[in-house]
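Let's take a walk through one protein model, looking at how two helices pack and where empty space is left. Have your viewer ready.

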Amino acid sequence: MAELEYWLWLTTRKGLGPAGALAVLDHFITPERAFYGEKEDFDALPLSPFARQSLLDKSMDEPNKILGDCDQMGLRIMTFQDADYPQRLRQISVPPAVLYIKGKVFRFDEEPAIAVVGMRKCSLRGREWAERFGMELASSGALVVSGIAEGVDCHAIRGALKAGKPAVSVLAGGVNVVFPYENRFLYQDVAAAGALISEYPPGTPHKGDHFPLRNRILSGLCLGVLAMECEPQGGTMLTVNHALEQGREIYAVPVGLDEKRARGTNHLIRDAKAKLVENAGDILTDYADRFPARLAHLAPLPPSVVSARLSGDKPRQAPAQKAREPEPPKRELVPRGQQKDRFTDDELAILAAAAKSALTADEIVERTQIPAKRVLSALTMLQVQGIVEERPGRRFYALVELEG
C-alpha cells in the first residue's frame with residue numbers, strides 16, 4: 001500500500017501531466033525514489049518550473065484521500081509497473097502511469113477489443129447504426145470500448161449491453177463523476193457488466209482538455225477503431241490519429257455524400273486510411289486467426305433478435321392522428337413452483353414490481369428496496385432473456401406474470 005501512495009503522489013503533482021510523470025519515472029525508476037528527490041535532482045528534468053516546484057511538495061494528504069475514496073468505492077488502482085498492466089497500452093507513446101478501474105479487470109492483451117467512436121450530435125440513423133454495430137461486435141466475441149457521452153459512443157455501449165455482453169468505457173473524469181447526467185444509469189450498467197476506466201482520480205470533473213488525452217487510452221487498449229459519423233476535425237478524428245500513430249487498424253462506415261456528418265468518415269475511406277465496413281463481420285474477419293477461440297466459433301445474434309432488442313429505444317415520430325392503443329399481448333403465467341428455478345430473488349422482486357406498469361430503475365429501487373447496482377444487473381439479465389421489455393423513457397415492463 002505504501003508503494004501505491006507514491007504512485008498517487010507522483011500522478012497528482014500539479015503541472016506534471018502524463019508525459020511529465022513518465023519523464024520522472026525514466027529518471028528515478030520508481031515514484032518512491034522521486035518522492036525523496038531534492039531540488040537539484042529535479043532541475044535536470046525536462047519539466048516546466050511549475051512542475052519541478054510541485055515535486056517539492058511532499059504532502060501525502062491527497063494520495064491518502066484518493067486511497068480512502070477508492071477503498072470506499074471498490075475501485076482497482078493499476079500502475080504502469082503492475083504485471084497485468086496491458087502491454088498494448090504500455091507500448092503507446094505516452095501511456096498513463098495510473099489507471100482507476102470500476103468493475104471488471106480485463107486482460108486487454110487477450111481481448112479482440114474494438115473502439116467505436118463518433119459524433120456526439122449524430123443523426124438518428126447514426127445512433128441506430130452505432131447500437132447495431134455495438135451489438136454485432138459484442139455478440140460475435142469482440143469487446144466493445146468507447147466513451148460514454150451522448151451520440152455514437154453511448155449507443156455503441158448500449159448495443160453491446162443489449163447483446164448480453166460486457167463493455168468498457170474510458171472516461172475523461174473520475175469514474176464516479178457522471179457526464180452527462182442523463183447517462184447515469186448507463187454508467188451503472190457498464191460498471192456492473194464491464195468496466196469504467198480513467199487515469200483521473202475519483203471526483204475529477206470531465207474537462208475539455210481531458211478528452212484528447214483520454215482518446216489515446218481508448219485507442220491504445222484496442223486492436224482497431226471504428227469511426228462513425230464524424231467531421232474532418234474533432235474528437236473522433238483525434239482518436240483516429242492516435243490510433244494511426246499507435247499502428248491500430250481504422251474502420252469507417254460510409255455516409256451519404258449530402259450529409260455534413262459524412263466528411264470525416266468518407267475522407268478516411270477516400271484517403272485509404274480506413275477500411276470501409278458495412279457490418280461487424282467486415283471488422284472481425286481481420287482478427288479471426290489471432291483469436292480463434294473467441295471469434296471463429298461465435299455466430300452473431302440472428303437478425304430477428306437484433307431487431308427486437310434494438311426496437312425498444314428507437315425514437316419514433318409522433319403520428320398525425322392518435323392511433324388506437326393495441327391490445328396488450330397475453331403474458332406467460334409462471335407457476336409458483338417454477339419461479340425459484342427460473343429466477344433469482346432479485347429478479348422475482350423486480351418482476352412483481354413491474355408487473356402492472358412500466359417503471360424506471362429508480363422506481364424499482366424504491367419499491368423493492370434492492371440496491372441500485374443489483375437492480376441494474378438483474379434488469380440486464382432479464383432483458384437478455386426476453387423477460388423484461390425496456391420501453392421509451394428508460395422504463396421497464398415485465399413480460400411474464402407470476403402466479404400468486
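## A helix pair

This is a predicted model, and a good place to start is the crossing of α8 and α9, which is right-handed. Helix α8 covers residues 124–139 and helix α9 residues 152–162; they pack at an angle of about 40°, with their axes 7 Å apart. Angles that fall outside the parallel, antiparallel and perpendicular ranges count as oblique, and α8 and α9 are therefore oblique to each other.

From α8, the residues in contact are R127, A130, E131, G134, M135 and A138, and they meet V152, H155, A156, R158, G159, A160 and K162 of α9. Sorted by class, this contact holds six nonpolar, three polar and four charged residues.

## The enclosed space

How many cavities of 30 Å³ or more does a search of the whole structure find? The search turns up one. The largest cavity has a volume of about 50 Å³.

Its lining consists of M78, P86, L99, I101, K104, V105, F106, F108, I197 and L221. Nine of these lining residues are nonpolar, none is polar and one is charged.

## The open space

Turning to pockets, the largest one holds about 700 Å³ of space. It is lined by 28 residues, and T11, T12, Y200, P201 and H210 are the closest to its centre. By class, the lining has 14 nonpolar, six polar and eight charged residues.

Which elements supply at least two residues each to this lining? They are α1 (2–11), α2 (17–28), α6 (61–73), β2 (98–103) and α11 (210–220). Helix α6 gives the most, with four residues.

Terms used:
Residues are numbered from 1 along each chain as its sequence is written. This is a predicted model: local features need pLDDT of at least 70, side-chain atom pairs count only at pLDDT 80 or more; totals for chains, interfaces and linings use all residues. Side-chain values use heavy atoms; hydrogens and water are left out. Axes are lines fitted to C-alpha atoms, for helices over the stretch in contact, and angles run from 0 to 180 degrees between N-to-C directions. Angles under 35 degrees count as roughly parallel, over 145 as roughly antiparallel, 65 to 115 as roughly perpendicular and the rest as oblique. A crossing is left-handed if the near helix is turned anticlockwise from the far one by less than a right angle, and right-handed if clockwise. Contact means heavy atoms within 4.5 Å. Ala, Val, Leu, Ile, Met, Phe, Trp, Tyr, Cys and Pro count as nonpolar, Asp, Glu, Lys and Arg as charged, and the others, Gly among them, as polar. On a 1 Å grid over the protein atoms alone, a cavity is a set of points where a 1.4 Å probe fits but cannot get out, and a pocket is an open set with protein on both sides within 12 Å along at least five of seven lines; lining residues have an atom within 4 Å of a point. Grid points are joined across faces, edges and corners, and a volume is the space filled by probe spheres set on the points.
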